[in-house]
Each structure stands twice: as C-alpha cells, then as structure tokens.
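The report below follows a chain from the surroundings of its ligand, through a strand and a helix, to several loop positions. Please keep the sequence and the structure in view while reading.

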Amino acid sequence: MKRILVTGGDGLLAHALREIAPRDFEMMFLGRAEFDLARPEVMARQLAALRPHLVINTAAYNQVDRCEIERDPSWAVNATGPEALAQLCAARDIRLVHYGTDYVFDGARKTPYSETDPPNPLNHYAAGKLAGERGVLRASPQHLVLRTSWLFGWHPTRTKTFVHTILKTAREGRPLKATTDQASVPTFAPDLAQWTLELIRLGAGGLFHAVNDEGVSRFDWAKIILEEAVQRRLLPAAPPVEPVLSSFFNSAMRRPEYTVLSNRKLSERLGRPAGSWRAGLRKMLARMR
Ligand SMILES: NC(=O)c1ccc[n+]([C@@H]2O[C@H](COP(=O)([O-])OP(=O)(O)OC[C@H]3O[C@@H](n4cnc5c(N)ncnc54)[C@H](OP(=O)(O)O)[C@@H]3O)[C@@H](O)[C@H]2O)c1
C-alpha cells in the first residue's frame, strides 16, 4: 500500500484530504510540531523514519499581511522550506505535491492566467510562494505544483475562510464591505483534494493551475454567499454589501487586482471539467445547517 505523508496536517486542505482518504493509500497527517517546514533536519529525520512513497505539502505561512512583517519566518515556510523538502524527497525518490498561489501574478491583465504566463509578485507572501514553487520544480520533474486561489471549505475547528467571515459578520449584524477591484477564483478545498489524488494516480508532474471554474470579484463572491445562505435558511435575509475599492482598507501592502487562473490544463489532464465553486459552496452551506 502506498504511504502518503501530508504536512500542515491541521489545516483546511489537509482536512479535506483526510475526509476523502482512499482505502488503497495509507495517509499520515503531521502538524507543525511533528513536521516543521522551517527545520530541514526534522524533515529529514521524519522522512527516514516514516519512509513515505509520496509527500503532499499543504503547510504554508498564509497570513498574507503578516508576511510583510514576519519576513524571515514566512520565507522559511513558503520558500526555503519547500525547496529543502523537495530536495530531500528527490534524494529519496519520493514524489512531492506542493501548492502555489494565484498571487504570483501582478494582476495587470484582465484575462485568465495560464501556467506559461510570467509571474510578477507584488508582495513578500507572493515572492516567497513563487520561490517555493520554483525550488520544488527545480528539485525534480516528477514533483507536482498546484497553484490555487481563495480556498474555502468546511473544517471542524477552523472557521476563517471568506465564507465563514461573511456569514459571521452578517449574523452579528455588522456592516459588510467587499472589494470590487479584486477578482480571483474561489476554490472548494474538497475539489482541490480530489484533483490532487487524481493527478497523483495519473502520475502528473510539473505546474498546474488548480482552481474551480469562473472568476468573480470579492464583492460578487460575498453577495452570492449571502444569497445562497438565505436560500438554505442559514440567514433570515441577505444584508447589503457595500462595494469598496482595495484602497479603502488602507493597507501598505500591494495586492494584485485580477488573478483569475485558467484551469484548462487541469481539466484536460483530468479528462473532465474542474467544476463550479457554486456547487462547492452549496455543499458547504448544506453541511453548516
Ligand atoms: N487558503 C487560501 O485561500 C489559499 C490561496 C492560495 C494558495 N493557498 C495554498 O494552498 C495550500 C493549502 O492552504 P490551506 O488553506 O489549507 O492552509 P492552512 O489552512 O493555513 O494550513 C496550513 C498549515 O500549515 C501549518 N504551518 C504553518 N507553519 C508551518 C511550519 N513551519 N511547518 C509546518 N506546518 C506549518 C499551519 O499550522 P499552524 O496552524 O500551526 O500555523 C497550518 O495548519 C498552501 O500552500 C497555501 O499557501 C491557499
């Protein structure tokens, strides 16, 4: 039986992988305490002890704003850690699956980005994630990098996705504001988990954009979440959402405006459409009821 080690074992995507773990794979989920991306010696020891056939690295430093302050610690998790892990894996003939971000693009375009478009990160988080994915791809052509965006999904203890935030803010009767000048593709974590396992079975390597269909602005995404929640009686009525521009939030950090990724290469490899985030949202809300 193939042994798969999943890092970042307490995170959102790791939870989705846990829920669909197939019977013919033995999946081991390790959190930061047991498998720290910032500590290559710990990773080497664990790989030697656990002898996985494959590693799925879901661990990351994902607090985009904090990366600007915590520059070295975030770089260790997002850039040098994945590269070290990829080299350790390559030396042991272990395939690595790693995740990248839509933020590697500068957002100056208005049409979906493909895998061959040149990245141009605007902030430290994006630069770190880009260095990480490049380090992984350099270490072995068998390694797989899946760039994703705006992940959402159900988790037993973590309720920090955009869907959770919008619902909580609406329930508490607080004012809702969302940007009209930021667009990307919401991606349902269980779909990403499913594509990951399918691509592993297909023996895919290299870079893929792994997102659901259809780009949307933050503002429209927020409104759709509220409408769907009302239909499922999770909210009595949809409160108004005030449209704002990114500049409203006065952040010193630059965020790209348009980072819609094209999932064409992914769906061609899977032999089917990647599917809509709307279906994922409905599944998540049904579960939240
Ligand atoms: N979420 C999104 O919208 C989004 C968008 C684009 C790309 N991605 C990428 O998709 C992948 C999965 O994201 P996710 O949403 O599942 O992330 P997540 O829920 O934040 O989980 C990431 C996990 O990594 C752990 N971690 C942090 N520092 C670590 C370290 N030094 N060593 C080992 N583990 C560490 C975190 O543990 P602690 O809780 O202890 O910190 C957390 O459990 C990541 O590569 C992420 O960058 C996500």
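In what follows, Ala, Val, Leu, Ile, Met, Phe, Trp, Tyr, Cys and Pro count as nonpolar, Asp, Glu, Lys and Arg count as charged, and the others, Gly among them, count as polar. Under that scheme, the shell around the ligand is made up of twelve nonpolar, eight polar and three charged residues. The model is a predicted one, and in it 23 residues surround the ligand, the closest being Gly-8, Gly-11, Leu-13, Ala-59 and Ala-60. Helix α1 (12-19) and strand β4 (95-101) each contribute at least two residues to this shell.

**Strand β4 and its partners**

Strand β4 is largely enclosed by the rest of the structure, because seven of its seven residues are buried. In a regular strand, side chains alternate between the two faces of the sheet. For β4, both faces are covered, with Arg-95, Val-97, Tyr-99 and Thr-101 buried on one side and Leu-96, His-98 and Gly-100 buried on the other. Strand β4 pairs with β3 in the parallel sense over four bridges, and Asn-57 stands opposite His-98 of β4. Strand β5 (residues 144-148) also runs parallel to β4 and is joined to β4 by five bridges, with Leu-146 of β5 as the bridge partner of Tyr-99.

**The nonpolar core and helix α7**

Which members of the largest nonpolar core touch the most other members? They are Leu-13 and Ala-189, within a core of 77 residues; helix α5 (residues 124-139) gives the most to this core, namely seven residues. Leu-13, already named among the residues closest to the ligand, touches Thr-58, Leu-151, Ala-189, Leu-192 and Ala-193 when residues up to four places away in sequence are not counted. Ala-189, Leu-192 and Ala-193 are among the buried residues of α7, as are Asp-191, Trp-195 and Thr-196. Helix α7 (residues 189-202) comprises 14 residues and spans 20 Å from its first C-alpha to its last, close to the 20 Å expected at 1.5 Å a residue. After α7 comes Gly-203, which has a positive phi near 70 degrees.

**Loop positions**

Four loop residues are set out below by the number of C-beta neighbours within 10 Å and the resulting class.

| Residue | C-beta neighbours within 10 Å | Class |
|---|---|---|
| Ala-274 | 23 | buried |
| Ser-262 | 18 | partly exposed |
| Arg-51 | 11 | exposed |
| Asp-93 | 9 | exposed |

Ala-274 lies in the loop between α9 (264-270) and α10 (277-288), and its contacts, leaving aside neighbours within four places in sequence, are Asp-191, Trp-195, Asn-212, Asp-213, Asn-263, Leu-266 and Ser-267. Asp-191 and Trp-195 are both buried residues of α7. Lys-160, by contrast, is 114 residues from Ala-274 along the chain, and their C-alpha atoms are separated by 24 Å.

Ser-262 is placed in the loop between β12 (241-244) and α9. Not counting residues up to four places away in sequence, Ser-262 touches Pro-112, Tyr-113, Ser-114 and His-209; the last of these is 53 residues from Ser-262 in sequence, yet 6.6 Å away in space, C-alpha to C-alpha.

Arg-51, in the loop between α2 (40-50) and β3 (54-57), has a positive phi near 45 degrees although the residue is other than glycine. Asp-93, in the loop between α4 (71-91) and β4, is likewise not a glycine and has a positive phi of about 60 degrees.

Notes. Residues are numbered from 1 along each chain as its sequence is written. This is a predicted model: local features need pLDDT of at least 70, side-chain atom pairs count only at pLDDT 80 or more; totals for chains, interfaces and linings use all residues. A residue is buried if 20 or more other C-beta atoms lie within 10 Å of its own, exposed if 12 or fewer, and partly exposed in between; C-beta atoms are placed from the backbone. Two residues are in contact if their C-beta atoms, placed from the backbone, lie within 7 Å. A residue is near a molecule or strand if its C-beta atom, placed from the backbone, lies within 6 Å of it. The expected span of a helix is 1.5 Å times one less than its number of residues. A nonpolar core is a set of buried Ala, Val, Leu, Ile, Met, Phe, Trp, Tyr and Cys residues joined through C-beta atoms within 7 Å. Two strands pair if DSSP finds at least two bridges between them.
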